[in-house]
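Thanks for sharing this one. Here are my notes, set out point by point so that you can follow along in the viewer.

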Amino acid sequence: MVILRLAWRNLLGAGTRTWLNVIVLSFAFVAIIGAQGLLEGMNRQATRAVIDAQYGGGQYWHEAYDPFNPLSLADAHAPLPEGLRSMIEAGNATPLLIVQGSIYPAGRMRPVLLKGIHPGQTILNIPSKFLNEAAAGALPIIIGNRMARGTGLKVGDYVTVQWRDNDGTFDAKDAIVVQVMKTTVPTIDNGQVWLSIDQLQDMTELTQEATLVVLARTARKTPVVAGWIFRDTEYLLRDIKVLVQSKTVGSAIVYVILLFLAMIAIFDTQVLSIFRRKKEIGMLMALGLTRYKVMWLFTIEGALHSVLAAVFGAIYGIPLLGYVARAGWTLPGNADNYGFAIGEKLFPMYGAGLIILTTAIVLVITTIVSFLPARRIAQLKPHDALRGRLA
Amino acid sequence: MRNFEEKENLIETKNLVKTYPMGEGVLHALDDINITFKSGEFAGFVGPSGSGKTTLLNIIGSLDVPTRGSAVVMGEKVETLSHVRAAHLRNQHVGFIFQTFNLFPVYTVFENVEFPLLLLGISVSERREMVTDALHWVGLADRANSNPSQLSGGQSQRVAIARAMVKRPALLLADEPTANLDAENSHNILRTMERLNRELGTTFIFATHDQKVIRYLRRIITLVDGKVASDEARNG
């Protein structure tokens, strides 16, 4: 306790030297917590968005369905079994039929996935109700904002849709864009055309068939259904987790550089401090402190930089990060390239775990960095120190 | 704090030798030193620079160890002390005063004097009382809240004396305590030390070649080339 008290006094007594280190270290603190908070916010936002718009409370996949293999779609459909039909009728699930097709905006062919969905469904955050709009012979379709940008289509535009029916026969029809949905989820947008499942079933002669069934988020029971495989959200979100992890690793490099700079400053301070205070070290020993206690005194002095940095960082970091958490972080225009379902603004999330973990890591690293030069004191003889020698 | 028999010699050295490697040979800093001190002495090692005064003082203060021979300080053999026991001995029984004062710059005068008591685990109220007493002894009670940088050399050395004396050690070792002081301050400090020696019974041992100090000593041990050339007592 005495050592801690002395260390605290020495640290504060060092004045400008201490505060410069504290400022540098506090930048590292705030930057790490800020960036981690952004990543956490990105993760949560993306997860929430894809659950709302795509995954729901989990999905039953036709056993032949492979989202990474479009060729599997030709076989990945079947009439809905009784177990799934009853869930759909109870409003706890909605079926999707996915068929390969093409559209011809401005006369150019674009391969797309035709996705049939019930216009009245409320399980997915997709404006499917617009598919009910009467369109005078044309097929009402919805596309996402990215798709609209890429094809130049807008609400009211006509476009030819082509597909193959169950027998492999090509067919085509004019479709009208009844809605361009603004979505943050690229995987329900790019290269996808949404239309009524009933119409798609008629067009492809796949009556009462579906490729997958999306459960409501409130669904608790997931019975085993023959020919269908249940995929929970943990499974469905694994790609997002991998993406977030890869971005976390990328940003960790920045943290390492920030911390490295701060630690160099502290290491340098410690080395200089021990060099400049040799006589003081000798006097401490003459007064009865053992070498190890003096070594710990200097180590704690160094480590306390991180405590001061945490407090100082909190003084400006809490208002700053709090403001960003409320106002959001406006993303650059090319944010779609991130591969995430994130909106125009990112809202960081700062959990207690993140703050405690970051503080603990910085404290441990600062202690180690402070200890390394202080080890030399353990070899120091009192009479050498009193003469100002580091023997 | 004193836990050894008062009848015993406070310090006893036998055939004490201290050598330092120097090139391919060795330098004999101390050569066959045999001396004893009893409690309450006001003595000093005198001699020219390099005669071994400071080395001997350091060994007595358990800041250094002899190469050969023995130094028993308050019943403890310095040559066999672990650094922890040596630190304990210094903490409990020995006070030091150095030429350069060695005050802690970030502490106030009060805190500097209080420091040894903190290490001894003495309670706050007791500490306050002891520090106030010590500052009164050296006439600096009114500078308790000053920083060392605000003090003159004489005042700084008086603070160093207060810090060394505050725990009322059995032994106070002073290495050239007046070297950085003018004549008036030197006499003031020496008079203070003499008074403390008389009033508290503390043994004072100096290492000095300053005639002003030598005039006050009641026992003068002259060292020449690491050997005791003379050991004479004077009437105080």
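1. Let me begin with a question: which side chain does B:E41 meet in a salt bridge? The partner is B:R219, with an N to O distance of 3.0 Å. Please keep in mind throughout that this is a predicted model. The two residues come from distant parts of the chain, 178 residues apart: B:E41 is in the loop between β2 and β3 of chain B, and B:R219 is in strand β9 (residues 219–224). Both B:E41 and B:R219 are buried.

2. Stay with B:R219 for a moment, as there is a ring to look at too. The charged end of B:R219 sits over the ring of B:F37, 4.6 Å from the ring centre. B:R219 thus appears in a salt bridge with B:E41 and over the ring of B:F37. Chain A offers a lysine example: the charged end of A:K278 sits over the ring of A:F275, at 3.7 Å from its centre.

3. Next, another salt bridge in chain B. B:D31 pairs with B:K227, and their closest N and O atoms are 2.8 Å apart. B:D31 belongs to strand β2 (residues 25–37) and B:K227 to strand β10 (residues 227–233), so this pair ties together parts of chain B that are 196 residues apart in sequence. B:D31 is partly exposed, because its relative accessibility is 23%. B:K227 is also partly exposed, with a relative accessible area of 42%.

4. Over all chains, the count of salt bridges comes to 19. One that deserves a look is between B:E111 and A:R9, where the closest N and O atoms are 2.3 Å apart. B:E111 lies in helix α3 (residues 109–120) of chain B and A:R9 in helix α1 of chain A, so this salt bridge joins two chains. A:R9 is partly exposed, at 28% relative accessible area. Within chain A, salt bridges also link A:R277, A:E280 and A:E301 in a network.

5. Helix α1 of chain A also holds A:W8, which is partly exposed with a relative accessible area of 33%. A:W8 helps make a nonpolar surface patch of about 770 Å², together with A:L12, A:W19, A:I23, A:F27, A:V307, A:V311, A:I315 and A:L363. Where do these residues come from? At least two patch residues are supplied by each of α1 (2–13), α2 (16–55) and α9 (291–327) of chain A. One of the patch residues, A:F27, is also in a cluster with A:F312 and A:Y316, linked by ring pairs.

6. On aromatics in general, the search finds 14 aromatic pairs over all chains. A:Y60 and A:F230 form a tilted pair, with 5.1 Å centre to centre and 55 degrees between the planes. This pair links distant parts of the chain, 170 residues apart, with A:Y60 in strand β1 (residues 59–62) and A:F230 in strand β11 (residues 228–231) of chain A. Are the two partners buried or exposed? A:Y60 counts as buried because its relative accessibility is 1%, whereas A:F230, at 27%, counts as partly exposed.

7. Compare that with A:W61 and A:Y65. Their ring centres are 5.0 Å apart and their planes are at 85 degrees, so the pair is edge-to-face. A:W61 is buried at 6% relative accessibility, and A:Y65 counts as buried at 15%.

8. A buried serine is worth a look as well. A:S370 lies in helix α10 (residues 352–374) of chain A and is buried, because its relative accessibility is 0%. Leaving aside residues up to four places away in sequence, A:S370 touches A:I266, A:Q270, A:T299, A:G302 and A:A303.

9. Finally, two backbone points in chain B. B:E176 is not a glycine, yet its phi is positive, about 45 degrees. B:E176 is placed in the loop between β7 (171–175) and α6 (183–200) and is buried, with a relative accessible area of 9%. B:D225 has a positive phi too, near 50 degrees, in a residue other than glycine. B:D225 is found in the loop between β9 and β10 and is exposed, with a relative accessible area of 60%.

Terms used:
Residues numbered from 1 in each chain as written. Chains lettered and ligands numbered in written order. Predicted model: local features only at pLDDT ≥ 70, side-chain atom pairs only at ≥ 80, totals over all residues. Heavy atoms only, no water. Helix = DSSP H or I, 4+ residues; strand = E, 2+ residues; numbered from the N terminus. Buried < 20%, exposed > 50% of the residue type's maximum accessible area, 1.4 Å probe, protein only. Contact = heavy atoms within 4.5 Å. Patch = residues over 30% accessible without salt bridge, like charges linked within 9 Å, V, L, I, M, F, W, Y side chains within 5 Å. Areas by Shrake-Rupley, 256 points an atom, 1.4 Å probe, with all protein chains shown as cover. Salt bridge = Lys/Arg side-chain N within 4 Å of Asp/Glu carboxyl O. Phe/Tyr/Trp six-rings, centres within 6.5 Å; stacked < 30°, edge-to-face > 60°. Lys NZ or Arg CZ within 6 Å of the ring centre and 35° of its normal.
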